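Please find below my notes on this model, set out as numbered points that can be checked one by one with the sequence and the coordinates open.

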Amino acid sequence: QVQLVESGGGLAQAGGSLRLSCAASGGTFSSYAMGWFRQAPGKEREFVAAISRSDGSSTHYANSVKGRFTISRDNAKNTVYLQMNTLKPEDTAVYCCAATTRRTVLIGVTTWQYDYWGQGTQVTVSS
């Protein structure tokens, strides 16, 4: 069983930065493809960023965050990160990380491609 715990959320001003972390336990972290999703009040959960397993050589971003957010992983620390720069008020949401053990998934951009989810961390961006 894989457990995921997010941290690093909080309050930021527009134009500022935050770095989210997602620590994984259980199983072999390097074998999981990882993703970040977010859910704003009254909206559906949406894809933010994803990274492939092993060396994380493949990444993918939602158009709304491309060029501002960067996903990365440190297999030695069993952790995936989301560096968020140039934050906007519309980035306000609960951010969750997710892991998939399915070898058929290189980069997961939909919720159904993931097997495990963290509880989430709140990010609030003020204007």
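1. The protein exposes about 6,300 Å² of surface, and carbon and sulfur atoms supply 46% of it. Please bear in mind throughout that this is a predicted model, and that the surface figure was computed from it, as were the values in the points that follow. On the inside of that surface, 43% of the 127 residues count as buried.

2. As to charge, the protein carries 12 positive and 8 negative charges, and the mean positions of these two sets are 3 Å apart.

3. The secondary structure is simple to describe, since the protein has eleven strands and zero helices. Read from the N terminus on, the elements therefore run β-β-β-β-β-β-β-β-β-β-β, and with a radius of gyration of 13 Å, close to the 14 Å that the globule rule gives for 127 residues, the protein is as compact as a globular protein of that length. The C-alpha trace spans about 40 × 25 × 25 Å along its principal axes.

4. The contacts can be sorted by separation along the chain. Among those between residues at least 6 apart in sequence, 59% join residues at least 24 apart.

5. Which strand deserves a careful look for burial? I would suggest strand 9 (residues 93-100), where seven of the eight residues are buried, so that this strand is largely enclosed by the rest of the structure. The cut-off behind that statement is a relative accessible area under 20%.

6. Strand 9 also pairs with several other strands, and it may help to trace these pairings one at a time. Strand 4 (residues 33-39) is joined to strand 9 by seven bridges, the two running antiparallel, and within this pairing Ala-33 stands opposite Thr-100 of strand 9. Strand 11 (residues 121-126) pairs with strand 9 in the antiparallel sense over three bridges, with Tyr-95 opposite Thr-121 of strand 11. Strand 10 (residues 116-117) pairs with strand 9 over two bridges, again in the antiparallel sense, and here Ala-99 stands opposite Tyr-116 of strand 10.

7. Two residues merit a check of their backbone geometry. Most residues other than glycine have a negative phi. Ser-54, however, has a positive phi of about 65° although it is not a glycine; this residue is found in the loop between strand 5 (46-51) and strand 6 (59-61). Is Ser-54 buried, exposed or partly exposed? With a relative accessibility of 42%, Ser-54 counts as partly exposed, because that class covers values between the 20% limit for buried and the 50% limit for exposed.

8. The other such residue is Asn-78, which has a positive phi of about 55° and is likewise not a glycine. Asn-78 is located in the loop between strand 7 (69-74) and strand 8 (79-84), and its relative accessible area of 30% makes it partly exposed.

9. Finally, I would draw attention to Asn-63, which lies in the loop between strand 6 and strand 7. At 69% relative accessibility, Asn-63 counts as exposed. How far apart in space are Asn-63 and Val-5, which are 58 residues apart in sequence? From C-alpha to C-alpha, the separation between Asn-63 and Val-5 is 26 Å.

Terms used. Residues are numbered from 1 along each chain as its sequence is written. This is a predicted model: local features need pLDDT of at least 70, side-chain atom pairs count only at pLDDT 80 or more; totals for chains, interfaces and linings use all residues. Side-chain values use heavy atoms; hydrogens and water are left out. Helices (H or I, at least four residues) and strands (E, at least two) are DSSP runs, numbered from the N terminus. The radius of gyration is taken over C-alpha atoms; the globule rule is 2.2 Å times the number of residues to the power 0.38. Buried means under 20% relative accessible area, exposed over 50%, partly exposed in between (1.4 Å probe, protein chains only). Contact means heavy atoms within 4.5 Å. Accessible areas come from the Shrake-Rupley method with a 1.4 Å probe; for residues, only the protein chains shown count as cover. Lys and Arg count as positive and Asp and Glu as negative; His and the chain ends are not counted. The place of a charge is taken as NZ of Lys, CZ of Arg, CG of Asp or CD of Glu. Two strands pair if DSSP finds at least two bridges between them.
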